[in-house]
Amino acid sequence: MNIHTYEKLWLAAAMVLIVGFIATITYGAVGPGVSMIDDDGGSIDPDAISDHERFGDTGVTHVGGNEYEVDVVAQAWSYSPGEIEVPAGSEVTFYVTSRDVTHSFSVVGTNINTMVIPGEVSKMTVEFDEPGEYGILCNEYCGEGHHNMEGKLTVVP
Ligand code: CUA
């Protein structure tokens, strides 16, 4: 073999590795690794959020009894609404989506923690038994303002 044959072999080997890496990353992004996303939440056109039935008007909705729905839009680098207030003893279903890049919606000190992906709606139902105050943080790096991305959740008596 001459030097050019070796070069071609190395190039071929490098291509195989690169394709392998991309396949791994792609599989990781759409595969079981994102099981924290609730498919029941469905999908959404991230460019039409302002006109969306649910996300065009974010906030807390009383749906009856002790049940509430909270619609949240995440964007660089804030949540809308920034402050959420629900009563103690309530059962709250959160619907969260992103306007731009991947964020998270994580309520500090609880197991409420979901990735928020543009085009996807993350849905989770939570019971709040006692009054309290919680911080909401973004755990997914989303740019220079990531560390300032926060909200507040208050469970009122
Ligand atoms: Cu949003 Cu980090």
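Biologist: How many salt bridges does a search of the whole structure find?

Modeller: The search finds 2, where a salt bridge is a side-chain nitrogen of Lys or Arg within 4 Å of a carboxyl oxygen of Asp or Glu. This is a predicted model, in which local features need pLDDT of at least 70, side-chain atom pairs count only at pLDDT 80 or more, and totals for chains, interfaces and linings use all residues. Residues are numbered from 1 along each chain as its sequence is written, and side-chain values use heavy atoms, with hydrogens and water left out.

Biologist: What makes Arg54 and Glu69 a salt bridge?

Modeller: Their closest N and O atoms are 3.1 Å apart, which meets the limit of within 4 Å. Arg54 lies in the loop between α1 (3-30) and β1 (59-64) and Glu69 in strand β2, so the pair ties together parts that are 15 residues apart in sequence.

Biologist: What is the distance between the closest N and O atoms of Arg54 and Asp71?

Modeller: It is 2.8 Å, and the two residues form a salt bridge; Arg54, Glu69 and Asp71 are thus linked in a network of salt bridges.

Biologist: Why is Asp71 called buried, and what is Arg54 called?

Modeller: Asp71 has 5% relative accessibility and therefore counts as buried, since buried means under 20% relative accessible area, exposed over 50%, and partly exposed in between (1.4 Å probe, protein chains only). Arg54, at 22% relative accessibility, counts as partly exposed, and Glu69, at 22%, also counts as partly exposed.

Notes:
Helix = DSSP H or I, 4+ residues; strand = E, 2+ residues; numbered from the N terminus.
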